[in-house]
Number of protein chains: 2
Amino acid sequence: MLDRNTSTTIEAGRVASVAKALAHPARVRIIEFLLSRPGCIGGDIVDEVGLAQSTVSEHLRILKASGLVVGTIERPRICYSLDPGALVPLHMLIELIEARGPDSADAPCCHVPACGTSGDIIR
Amino acid sequence: MLDRNTSTTIEAGRVASVAKALAHPARVRIIEFLLSRPGCIGGDIVDEVGLAQSTVSEHLRILKASGLVVGTIERPRICYSLDPGALVPLHMLIELIEARGPDSADAPCCHVPACGTSGDIIR
DNA sequence: TCACTACATCGTATATCGACGATACAAGGA
DNA sequence: TCCTTGTATCGTCGATATACGATGTAGTGA
């Protein structure tokens with residue numbers, strides 16, 4: 001894949017699994033809430049996102065599985081906090097895109113002669 | 001939600017939709033392939049990811065819908081390239097997490113006395 | 001006009017996700 | 001022992017995602 005072209009090989013599977021953890025608005029809200037407070041108990045999160053406790057627990061399970069969130073047991077509560085280390089593969093990919101990106105919309109794009117100098121952009 | 005606590009309001013929906021575009025290994029591979037070449041035609045991408053042409057076309061549609069990828073019509077081909085602008089909301093969230101992150105695993109986390117100073121970490 | 005190329009869309013089957021209520025579990029206190 | 005609290009898991013459902021082959025579409029060239 002990219003192995004021969006890039007010194008830092010990015011595993012598509014790892015990136016995708018972290019991105020999947022971020023791919024739901026409720027989970028993004030949970031992360032934003034954890035950002036706004038240095039550690040939260042589950043009940044606060046349930047109040048915040050406005051979903052059923054079992055649903056929030058499932059979202060937290062997904063976030064924990066991805067490594068983005070870790071829980072610290074403080075019986076009877078569990079304190080959740082963010083672990084930025086899990087973001088590294090995704091962050092690397094994003095920075096690669098942004099590093100190369102600014103020109104990619106303007107530069108000739110293909111091995112086809114004059115490609116990118118004309119033609120409509122589709123979205 | 002976070003509006004009162006953060007100067008830069010991040011819309012959970014926008015972040016989630018970009019993350020969803022990255023939440024599949026085949027789409028990550030497509031992006032890596034676009035990174036490794038300054039613009040590619042669809043057929044090359046089909047060869048690269050090893051899926052059926054219709055499946056790759058669907059993944060490209062998802063990437064285009066998220067704004068991550070734009071296509072330039074060069075009949076009969078279409079040249080695809082990356083548009084890093086779409087990553088901004090996601091990148092902002094990631095940088096917020098990493099800016100706050102390093103301490104969050106060690107620091108006392110809750111409003112519960114002594115929370116975070118003991119207790120097992122669960123994942 | 002006809003065939004070819006490059007890509008998109010359709011129809012489909014299957015898998016996974018997301019939500020909920022109900023229930024289980026573990027620890028602490030009455 | 002029973003009740004309460006905080007959280008996890010189960011079962012179920014509807015919705016969405018993923019994959020494929022078949023087919024449609026638009027431009028090119030014979």
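This tour moves through a predicted model, from the overall layout of chain A to its core and then to the two DNA strands.

**Chain A as a whole**

Begin by selecting chain A and displaying its secondary structure. Five helices and four strands make up this chain, and they follow one another in the order α-α-β-α-α-β-β-α-β. Chain A has 123 residues, of which 42% count as buried. Among its contacts with a separation of 6 or more, 48% join residues 24 or more positions apart.

Next, colour chain A by pLDDT. The average is 79, and 71% of the residues score at least 70. Over residues 1–8 of chain A the pLDDT is below 50, and this stretch has 10 contacts in the model beyond near neighbours in sequence. A second stretch, residues 102–118 of chain A, also stays under 50; the model gives this stretch 33 contacts beyond four places in sequence. Where pLDDT is low, the predicted coordinates should not be read in detail. Of the elements of chain A, helix α1 (residues 12–21) has the highest mean pLDDT, 95, while strand β4 (residues 121–122) has the lowest, 68.

**The nonpolar core**

Now select A:V15, A:A19, B:V15 and B:A19. These are the residues with the most contacts inside the largest nonpolar core, which has 66 residues. Centre the view on A:V15 and look beyond its neighbours within four places in sequence: its contacts are A:I10, A:P89, A:L90 and A:L93 in chain A, and B:L22 and B:V28 in chain B.

Move to A:L22, in the loop between α1 and α2 (25–36) of chain A. Is A:L22 buried or exposed? A:L22 counts as buried because 26 C-beta neighbours lie inside 10 Å, against a cut-off of 20 or more. Residues up to four places away in sequence aside, A:L22 touches A:R27 and A:V28 as well as B:V15, B:A16 and B:A19. Add A:L63 to the selection: A:L22 and A:L63 are 41 residues apart in sequence, yet their C-alpha atoms are 8.2 Å apart in space.

Then go to A:I97, within helix α5 (residues 88–104) of chain A. A:I97 has 21 C-beta neighbours inside 10 Å and therefore counts as buried. Which residues does A:I97 contact, leaving aside its neighbours within four places in sequence? They are B:I31, B:L35, B:L82, B:P84 and B:L87.

Two of these, B:I31 and B:L35, are among the buried residues of α2(B), so select helix α2 (residues 25–36) of chain B, whose end C-alpha atoms are 16 Å apart, in agreement with the 16 Å expected for 12 residues at 1.5 Å a residue. Also buried in α2(B) are B:R27, B:V28, B:R29, B:I30, B:E32 and B:L34.

**The surfaces near the DNA**

Select DNA strand C and the 22 residues around it; A:S54, A:T55, B:G42, B:G43 and B:S54 come nearest. At least two residues each are supplied by α4 (53–66) of chain A and by α3 (42–49), α4 (53–66) and β3 (77–82) of chain B. The most come from α4(B), with six residues. By class, this surface has eight nonpolar, nine polar and five charged residues.

Finish at DNA strand D, which 23 residues surround, the closest being A:G42, A:S54, B:A52, B:S54 and B:T55. Here α3 (42–49), α4 and β3 (77–82) of chain A and α4 of chain B each supply at least two residues. The largest share, six residues, belongs to α4(A). The surface near DNA strand D divides into nine nonpolar, nine polar and five charged residues.

Technical notes. Residues are numbered from 1 along each chain as its sequence is written. Chains are lettered from A and ligands numbered from 1 in the order in which they are written. This is a predicted model: local features need pLDDT of at least 70, side-chain atom pairs count only at pLDDT 80 or more; totals for chains, interfaces and linings use all residues. A nonpolar core is a set of buried Ala, Val, Leu, Ile, Met, Phe, Trp, Tyr and Cys residues joined through C-beta atoms within 7 Å. A residue is buried if 20 or more other C-beta atoms lie within 10 Å of its own, exposed if 12 or fewer, and partly exposed in between; C-beta atoms are placed from the backbone. Two residues are in contact if their C-beta atoms, placed from the backbone, lie within 7 Å. pLDDT is the predictor's confidence in each residue, from 0 to 100. A residue is near a molecule or strand if its C-beta atom, placed from the backbone, lies within 6 Å of it. Ala, Val, Leu, Ile, Met, Phe, Trp, Tyr, Cys and Pro count as nonpolar, Asp, Glu, Lys and Arg as charged, and the others, Gly among them, as polar. The expected span of a helix is 1.5 Å times one less than its number of residues.
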